[in-house]
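Student: I have a chain and a ligand to look at. Could you take me through them by question and answer?

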Amino acid sequence: MTDDAEDARSEDDWPEGIPHRLYGRRRGKKLRPRQERLLSDALPRLRFTDLGFAQGARALWFEVGFGGGEHTLAQMRANPDTAIIASEVYEHGLCSLLTEIIPDGAEATAPIPPRLRLWPEDARELLLALPEASLDRLFLMFPDPWPKTRHAKRRFVHPEMIAIVARVLKPGGIWRVASDDPTYQEWVREVFAGQTIFTGEAPATRRPEGWPPTRYEAKAIAAGRQPLYWQWRRQSIIRSNGTV
Ligand SMILES: C[S@@+](CC[C@H](N)C(=O)[O-])C[C@H]1O[C@@H](n2cnc3c(N)ncnc32)[C@H](O)[C@@H]1O
């Protein structure tokens, strides 16, 4: 893997309007031996391959860009009957989550959480590949804001992403979005105002019950920024012209 690596899809089968390139950083400072072992021995065992791990689960949730994994792990522990796919491209983030669930020295052997799978690639790639109406919830907690207007296409919330997320969410499924960045907050308002597939109330200004905290949220609050928390519901009514 290289920084800003192109993903495995070709330009041709990538939806028009969505940048093909992954702009997130994959690598940071040199990994320690324990981190190397987590990535080489533990991650392949937890890597998402198919939906078999979700068989019999009460629901299937997906987290985009889990950072250090605080939200993913809190949701997993609070909802043991729910299957979760958690995506993150940054190696140190993957290691942070893995450190919490895999004891040192047992990277190749420790039992893995049965209802958790990781996707260490661009989340958009898997969202395009999952079956239609397979997810009950999607979490997007404090995404990279890309505040410059000329970088708007790099934002996960994007008019082109609305149909992609709507396809993979069940009717009535929930898309949670949290952001502390004023430009991104305004952008979320604008993008959701321009579509009819998702409905939602005005955003909460305090983290709602059942939304575990994340590292970025803590940083944002410490820096005096005001997070907003949206909950969007995918509508289930299909009009005769095929729109939702
Ligand atoms: C600002 S951080 C927030 C992390 C975490 N959600 C939190 O609240 O602490 C955004 C994270 O999204 C990850 N990311 C960005 N684009 C991604 C993509 N297309 N697929 C998966 N992860 C992505 C980045 O690597 C980064 O760790």
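**A walk through the chain**

Student: Which residues of helix α5 (residues 159-168) are buried?
Tutor: The model is a predicted one. A residue counts as buried if 20 or more other C-beta atoms lie within 10 Å of its own. In α5, the residues that pass this test are Ile162, Val165, Ala166 and Val168.

Student: How wide an arc do they cover around the axis of α5, and what do they pack against?
Tutor: The buried residues of α5 lie on the same side of the helix, because their arc around the axis is only 165 degrees. They pack against α4, β4 (135-141), β5 (169-179) and β7 (228-234). In short, the arc is 165 degrees, and the partners are α4, β4, β5 and β7.

Student: How many helices and strands are there in the chain, and in what pattern?
Tutor: Along the sequence the pattern reads α-β-α-β-α-β-α-β-α-β-α-β-α-β. The count is seven helices and seven strands.

Student: What is the radius of gyration of the chain?
Tutor: For 244 residues the globule rule gives 18 Å, and the chain comes close to that, so it is as compact as a globular protein of that length. Its C-alpha trace spans about 55 × 40 × 40 Å along the principal axes. The radius of gyration is 18 Å.

Student: What share of the contacts in the chain with a separation of 6 or more comes from residues 24 or more positions apart?
Tutor: Of the 244 residues, 34% are buried. Among contacts with a separation of 6 or more, the share from residues 24 or more positions apart is 77%.

Student: How many bridges pair β5 with β7, and in which sense, parallel or antiparallel?
Tutor: One pair of bridge partners is arginine 176 and glutamine 231, the latter in β7. Between β5 and β7 there are six bridges, and the sense is antiparallel.

Student: Which residue in β7 stands opposite phenylalanine 198?
Tutor: Strand β6 (residues 198-200) and β7 run antiparallel, joined by three bridges. Opposite phenylalanine 198, in β7, stands arginine 234.

Student: Is strand β1 (residues 59-64) largely enclosed or open, and which strand is joined to it by bridges?
Tutor: Five of the six residues of β1 are buried, so the strand is largely enclosed by the rest of the structure. Tryptophan 61 stands opposite isoleucine 84. The strand joined to β1, by five bridges and in parallel, is β2 (residues 82-87).

Student: Where is phenylalanine 62, and which residues is it in contact with beyond four places in sequence?
Tutor: Phenylalanine 62 has its place in strand β1. It is buried, because 26 other C-beta atoms lie within 10 Å. Beyond its neighbours within four places in sequence, phenylalanine 62 is in contact with Ile85, Leu135 and Leu138.

Student: How far apart in space are alanine 178 and proline 227?
Tutor: Alanine 178 lies in strand β5 and counts as buried, with 27 C-beta neighbours inside 10 Å. Not counting residues up to four places away in sequence, alanine 178 touches Met141, Phe142, Glu217, Pro227, Leu228 and Tyr229. Alanine 178 and proline 227 are 49 residues apart in sequence, yet their C-alpha to C-alpha distance is 6.7 Å.

Student: Is phenylalanine 142 buried or exposed?
Tutor: Phenylalanine 142 is found in the loop between β4 and α5. Its phi is near 50 degrees, a positive value in a residue other than glycine. With 21 other C-beta atoms within 10 Å, phenylalanine 142 is buried.

Student: What does tryptophan 146 count as?
Tutor: Tryptophan 146 lies in the loop between β4 and α5, and its phi, near 40 degrees, is positive in a residue other than glycine. It has 18 C-beta neighbours inside 10 Å, so tryptophan 146 counts as partly exposed.

Student: How many residues surround the ligand, and which are the closest?
Tutor: The shell around the ligand divides into ten nonpolar, six polar and six charged residues. The number surrounding the ligand is 22, and the closest are Gly24, Gly65, Gly67, Thr214 and Tyr216.

Student: Which helix gives the most to the shell around the ligand?
Tutor: Two helices, α4 (123-129) and α7 (215-222), each supply at least two residues of the shell. With three residues, the helix that gives the most is α7.

Methods:
Residues numbered from 1 in each chain as written. Predicted model: local features only at pLDDT ≥ 70, side-chain atom pairs only at ≥ 80, totals over all residues. Near = placed C-beta within 6 Å. Nonpolar A, V, L, I, M, F, W, Y, C, P; charged D, E, K, R; others polar. Buried ≥ 20, exposed ≤ 12 C-beta atoms within 10 Å, placed from the backbone. Arc of directions from axis to C-beta. Contact = placed C-beta atoms within 7 Å. Pairing = 2+ DSSP bridges. Rg over C-alpha atoms; globule rule 2.2 N^0.38 Å.
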